[in-house]
Amino acid sequence: MSEATIKLAAMEDRFSDDPEISYTLAAPYYYDEALFRREQERVFARSWRFVCHRTEIPNAGDYTTLEVENESVLVIRGKDDVVRGFFNVCPHRASQLVRPGSGNKPSVITCPYHSWTFGHDGALRGASRCERVKNFNKEDFSLTPVRVEELCGFIFINLDEDAAPLDGMAAGLGDLLMRECPGLEDYTLLARSDFDVNANWKAIIDNFIENYHLVLSGPEHKKFADLVCSEEDQSTIRTHAAWSEFVSPAGPADNSAYQWATPRNLGGGNDFLTMHLFPDIGFVMFPGVNALSLFYTRPTGPETCTLVTAYYGPPGELDEATKAGVHYFSDELSPEDIELCEGVQRGLRSRAYHQGRLMVDAERTGLSEHAVHSFHAWLRSSLQG
Ligand code: FES
Ligand SMILES: [Fe+2]
């Protein structure tokens, strides 16, 4: 047991199932090696992980890989238009089949070592000299499948073959996304930014799902508070089985974050909306911005992660407000948020800190930290499961 785990076991845990009296997750959850490994096994290896949008692999043979939990997963579209997932490892002598990244394998996937070939369905097609090998059955050496599901065109994989289906976990989320973005299945990637962050991935998610800091932190956030209506009685938080949502009406078109002349024209409203799907995926809609933003992490260690922000919208030229919004969020607000999260990470190891009090109000106003409580409760129960 690590020192931090021992400290955790020895201290009173003031997390409560009742959000109104609860404290946060204890500090070691954000830096302890052993807890991080447990989280990889119990949380990430059993959760639905975002890969890409279906329009990022549109043609037969298009593939991409996802590096997660010490595994490489290959996701490939077949000639039958079905998207399948496989562990990116050759069943002969374990060579990685394709280099991490994206590309196209028009007919077969060929192992770089002894050139065994596999169809898009994972079946072994050819293995040189296999007819000379006693009792060799090609059927025994298919690629090992990984579960794949789509949510509104977004492709997810799960390493756990017994995991609950994504559409059950996210019940209601898909409907909400489709109501706000009709035609979402055909959206394309418009822009993407990757940030290397010196913070545990949960510090990023905590920050993403609370708006308490909106009017109280740095200058870019104060601009943001001008963009959305920050009257607490006009914004709401709802939590569901494994996801939460925050909604607030848009503030004025003429604000200090970015200018938008007309409301969003995607087919839904113009509210500021954030949705968090456990464990680490966020969807965001900004006033006047004709794009759906995705926000997700790739943990790289107990105290580091990569944060990805990606924008998906109808194909075509970006309008000025969308360009201005994407610029503001990627280049102005996100760096300020990252600095806030890294400041938290620097404080978490202090012997003066163990757990903080969640700022939760009974009315579940938009400024309440209710969604943080739900996130911490889901995390704790996943770690125990
Ligand atoms: S390791 Fe792939 S063909 Fe030998
Ligand atoms: Fe923020």
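**Iron site and nonpolar cores**

In this predicted model, the iron ion (ligand 2) is coordinated at 2.0 to 2.7 Å by His213 (NE2), His221 (NE2) and, through two OD donors, Asp337. Along the sequence, the donor residues follow the spacing H-x7-H-x115-D. Distant parts of the chain are thereby linked: histidine 213 lies in the loop between helix H5 (201-208) and helix H6 (219-227), whereas aspartate 337 belongs to helix H7 (residues 320-348), 124 residues apart. The arrangement of the four donor atoms is irregular because the angles they subtend at the iron ion (ligand 2) range from 52 to 156 degrees, whereas a tetrahedral assignment would require all angles to lie between 85 and 135 degrees. Histidine 213 is buried, with a relative accessible area of 12%, and aspartate 337 also counts as buried, at 15% relative accessibility.

The largest nonpolar core comprises 52 residues, of which Val197, Phe224, Leu227, Tyr258, Phe286, Phe329 and Leu379 touch the most other members. At least two residues of this core are supplied by each of strand E11 (188-197), H5, H6, strand E17 (304-313), H7 and helix H8 (370-384). Helix H7 provides the largest share, eight residues; the iron donor aspartate 337 lies in this helix.

Contacts of leucine 227, with residues up to four places away in sequence not counted, involve Ala250, Gly251, Asn255, Ala257, Tyr258, Trp260, Pro287 and Phe329. Tyr258 and Phe329 are, like Leu227, among the core residues that touch the most other members. A second core, separate from the one described above, contains 29 residues, including Cys181, Leu266, Phe283 and Met285.

Terms used. Residues are numbered from 1 along each chain as its sequence is written. Chains are lettered from A and ligands numbered from 1 in the order in which they are written. This is a predicted model: local features need pLDDT of at least 70, side-chain atom pairs count only at pLDDT 80 or more; totals for chains, interfaces and linings use all residues. Side-chain values use heavy atoms; hydrogens and water are left out. Donors are N, O and S atoms within 2.8 Å of the metal (3.2 Å for Na, K and Ca); water is not among the atoms, so sites may look incomplete. Four donors count as tetrahedral if all angles lie between 85 and 135 degrees; four count as square planar and six as octahedral if opposite donors are over 155 degrees apart and all others between 65 and 115; anything else is irregular. Helices (H or I, at least four residues) and strands (E, at least two) are DSSP runs, numbered from the N terminus. Buried means under 20% relative accessible area, exposed over 50%, partly exposed in between (1.4 Å probe, protein chains only). A nonpolar core is a set of buried Ala, Val, Leu, Ile, Met, Phe, Trp, Tyr and Cys residues joined through side-chain atoms within 4.5 Å. Contact means heavy atoms within 4.5 Å.
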